[in-house]
Amino acid sequence: MLVLGIETSCDETSAAVVQDKVWVRSNIVLTQTKLHEPFGGIVPEIASRKQMEFIAPVVQQALREAKVNWKDLDAIAVTNRPGLIGSLLVGVSFAKAVALAHNLPLVPINHLEGHIFSVFLREEGETKEGKGQVWEFPFLCLLVSGGHTELIWVRGVGDYEVLGRTRDDAAGEAFDKVARALGLGFPGGPAIDKAAEKGDPNTIAFPRADLTPTFDFSFAGLKTAVVRYLKGLEERWKRKPNPTLADIAASFQEAVVDMLLFNLERAATLTDAERVVVVGGVAANRRLRQKFLAMAEQYRWQFALPPLKWCTDNAAMIACAASFRLERGLACKDLLCDAFAIAEVGN
């Protein structure tokens, strides 16, 4: 089975070819970070206009690198929600056009479902054995990205139970906003990760939100605490004199990681999970990866933590999720079906 995946939910323009559900033949990701950096965040109009310009060349490059052509494909997969409406429309419209032109089934994929299936992605030379690989259901998934923070019990393909989610900012949003307050630029996640490398995470005991008995998250209060500290309005958390910027970044990062893993640990206990995964853009954070791996070893979980290139938005994960759905006959046979309704595309 060969599936072409298309991903345009935010500012990336990505296309990939995946074979037999998990094997990545090609994965092209065109980012726009430099274009949006001066604004401190993604400008939707800029993102969608650039995606209109580059989607066709990116898809052609993915086909070339995979050494396949249109007649070799078995299906096309495309992200249809959630995301920036203009960007989603670019990807969905292009995918519908080429699916119709080449008489191929089209599979709409929720972006978050794509992240879940990123744990299955493999490249030539890799095997199914070894640490850090999940190959069966069910598993507990902590999905942490720029727009979403959720704890999901994954029973199987299309069978997901959301145990908890953020009530305000997502973890990635908190990273971006605090990075801006610290003058570290955009995107905030990598900037804070780098700044925190030389800092002491125990310098400032920023507050951790605890929404027990739920598994929900909240990062808005932590963000506000950092801003108040920077304005000199709060000194009560300081544990050493004259904290550096690196200390502040490390202390904030530690608070975020602690809140994420606190709920993950509780949810794993409740579900008696044997397999636990962390996915999404924030899963690239080095401190989160370090503390998650230690926790996985402590509880002897079978775990998955995707390589950095599969954490951020990419089309390979979309093609992978679609392949699992195709195997179960869950493709969309009508290009006018509800899954592609423009009114719902941003939900």
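**A quick tour of the model**

Let's start with one residue: Thr-13 is buried, showing a relative accessible area of just 1%. Thr-13 sits in strand β2, which covers residues 13-19. Keep in mind that what you're looking at is a predicted model. The protein chain has a mean pLDDT of 90, with 92% of its residues at 70 or more. From Thr-13 we'll move on to a buried glycine, a five-stranded sheet, a helix pair and a few backbone oddities.

**Two buried residues**

- Who does Thr-13 touch? Setting aside neighbours within four places in sequence, Thr-13 is in contact with Glu-7, Thr-8, Ile-28, Val-29, Leu-30, Gln-32, Gln-51, Phe-54, Ile-55 and Val-58.
- Gly-91 is another buried residue, with a relative accessible area of 0%, and its home is helix α3.
- If you skip residues up to four places away in sequence, Gly-91 touches Ile-6, Thr-8, Ile-55 and Val-78.
- Thr-8 and Ile-55 turn up among the contacts of Thr-13 and again among those of Gly-91.
- Going from C-alpha to C-alpha, Gly-91 and Ala-77 are 9.9 Å apart in space, with their positions 14 residues apart in sequence.

**The five-stranded sheet**

- Five strands line up in the order β8-β7-β6-β9-β10 to make an open sheet, and their pairing is mixed.
- At the edges you'll find β8 (159-165) and β10 (302-304), each of which pairs on one side only.
- On average, neighbouring strands of this sheet are turned by 20 degrees against each other, if you ignore direction.
- As background, strands of a sheet pair through backbone hydrogen bonds, and they can do so either parallel or antiparallel.

**Strand β6, seen from both sides**

- Strand β6 takes in residues 139-144, and six of the six are buried, so the rest of the structure largely encloses this strand.
- Phe-139, Cys-141 and Leu-143 point one way from β6, while Leu-140, Leu-142 and Val-144 point the other way; all of them are buried.
- On one hand there's β7 (residues 149-156), which runs antiparallel to β6 and is joined to it by six bridges.
- These two strands, β6 and β7, form a hairpin with four residues between them.
- Want a couple of pairs to look for? Phe-139 stands opposite Val-154 in β7, and Leu-140 stands opposite Trp-153 in β7.
- On the other hand there's β9 (residues 275-279), which runs parallel to β6 and is joined to it by four bridges.
- For that pairing, try Leu-142, whose bridge partner in β9 is Val-278.

**A helix pair: α5 and α7**

- Helix α5 (residues 171-182) and helix α7 have axes that come within 10 Å and cross at roughly 5 degrees.
- Angles under 35 degrees count as roughly parallel, and α5 and α7 are therefore roughly parallel to each other.
- Where do they meet? Lys-177, Val-178, Ala-181 and Leu-182 are the α5 residues, and they meet Lys-223, Val-226, Val-227 and Leu-230 in α7.
- The residues of this contact split into six nonpolar, no polar and two charged.

**Backbone oddities in the loops**

- The peptide bond from Arg-81 to Pro-82 is cis, and its omega is near -20 degrees; Pro-82 lies in the loop between β4 (75-81) and α3 (85-101).
- The peptide bond from Thr-212 to Pro-213 is cis too, with omega near 15 degrees; you'll find Pro-213 in the loop between α6 (188-196) and α7 (220-230).
- Asp-20 isn't a glycine, yet it has a positive phi of about 50 degrees.
- The loop between β2 and β3 (23-30) is where Asp-20 lies, and at 40% relative accessibility Asp-20 counts as partly exposed.
- Lys-67 is another residue other than glycine with a positive phi, here near 60 degrees.
- Look for Lys-67 in the loop between α2 (44-66) and β4; at 74% relative accessibility, Lys-67 counts as exposed.

**Where confidence drops**

- Over residues 341-347 the pLDDT stays under 50, and for this stretch the model has 14 contacts beyond four places in sequence.

Key: Residues are numbered from 1 along each chain as its sequence is written. This is a predicted model: local features need pLDDT of at least 70, side-chain atom pairs count only at pLDDT 80 or more; totals for chains, interfaces and linings use all residues. Side-chain values use heavy atoms; hydrogens and water are left out. Buried means under 20% relative accessible area, exposed over 50%, partly exposed in between (1.4 Å probe, protein chains only). Two strands pair if DSSP finds at least two bridges between them. pLDDT is the predictor's confidence in each residue, from 0 to 100. Contact means heavy atoms within 4.5 Å. Axes are lines fitted to C-alpha atoms, for helices over the stretch in contact, and angles run from 0 to 180 degrees between N-to-C directions. Angles under 35 degrees count as roughly parallel, over 145 as roughly antiparallel, 65 to 115 as roughly perpendicular and the rest as oblique. Ala, Val, Leu, Ile, Met, Phe, Trp, Tyr, Cys and Pro count as nonpolar, Asp, Glu, Lys and Arg as charged, and the others, Gly among them, as polar.
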